[in-house]
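Trainee: I have a model open and would like to learn how to read it. Could you walk me through it?

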Amino acid sequence: HMHISQRQPKPSTARFAYANDIEYNQVFSNLVAQYGTKEDILITISGSGNSENLINAIEVAKSIDLFTISVVGFDGGKIKNIKFTDNLGNKYEENYE
């Protein structure tokens, strides 16, 4: 396994430059789809829990079996209600308030 310090950095300017070429609500989900591996963890932070760009990224992460952690404010919004299923079909939900 590769340690975080050994990973090659991805150019951050390139990540956001293409936001002009696609819909903003797909910016993070495209990055997760392109760069995400099963060894990665997706961490999202949202005040409302209703940010479509983060919801889409979480859905993509789920589809490729990434572990996800979300920090949300207020009532947790839509993100709090996302259900997860592992690769054996077991559904689970961990909410800590």
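Mentor: We will go from confidence to fold, then to the core and one residue beside it. Keep in mind that this is a predicted model.

Trainee: Where is confidence lowest, and where is it highest?

Mentor: Begin with the average, then look at single elements. The protein has a mean pLDDT of 78, and 65% of the residues reach at least 70. Helix 1 (residues 12-17) has the lowest confidence, with a mean of 57, while helix 3 has the highest, at 94.

Trainee: How many helices and strands does the protein have?

Mentor: There are 4 helices and 4 strands. Following the sequence, their order is α-α-β-α-β-α-β-β. To see how distant parts of the chain meet, look at contacts with a separation of 6 or more: 61% of these join residues 24 or more positions apart.

Trainee: What share of the residues is buried?

Mentor: Of 97 residues, 26% count as buried. As for the surface, the protein exposes about 7,100 Å², with carbon and sulfur atoms supplying 54% of that area.

Trainee: Which residues form the largest nonpolar core?

Mentor: Here is the general idea: in soluble globular proteins, nonpolar side chains tend to be buried together. In this model, the largest nonpolar core consists of 10 residues, namely Val32, Leu42, Leu54, Ile55, Ala57, Ile58, Ala61, Leu66, Ile79 and Ile82. Helix 3 gives the largest share of this core, 5 residues.

Trainee: What does Ile82 touch?

Mentor: Set aside residues up to four places away in sequence, and Ile82 touches Ile55, Ile58, Glu59 and Lys62. Two of those partners, Ile55 and Ile58, are listed in the core as well.

Trainee: Now a polar residue, please. Why does Asn56 count as buried?

Mentor: Compare its accessibility with the cut-off. Buried means under 20% relative accessible area, and Asn56 counts as buried because its relative accessibility is 18%. Asn56 sits in helix 3, which spans residues 52-63.

Trainee: Which residues is Asn56 in contact with?

Mentor: Beyond its neighbours within four places in sequence, Asn56 is in contact with Asn25, Gln26 and Ser29. You can also check a distance on screen: Asn56 and Ile79 are 23 residues apart along the chain, and their C-alpha atoms are separated by 9.9 Å.

Notes
Residues are numbered from 1 along each chain as its sequence is written. This is a predicted model: local features need pLDDT of at least 70, side-chain atom pairs count only at pLDDT 80 or more; totals for chains, interfaces and linings use all residues. Side-chain values use heavy atoms; hydrogens and water are left out. Helices (H or I, at least four residues) and strands (E, at least two) are DSSP runs, numbered from the N terminus. Buried means under 20% relative accessible area, exposed over 50%, partly exposed in between (1.4 Å probe, protein chains only). Contact means heavy atoms within 4.5 Å. Accessible areas come from the Shrake-Rupley method with a 1.4 Å probe; for residues, only the protein chains shown count as cover. A nonpolar core is a set of buried Ala, Val, Leu, Ile, Met, Phe, Trp, Tyr and Cys residues joined through side-chain atoms within 4.5 Å. pLDDT is the predictor's confidence in each residue, from 0 to 100.
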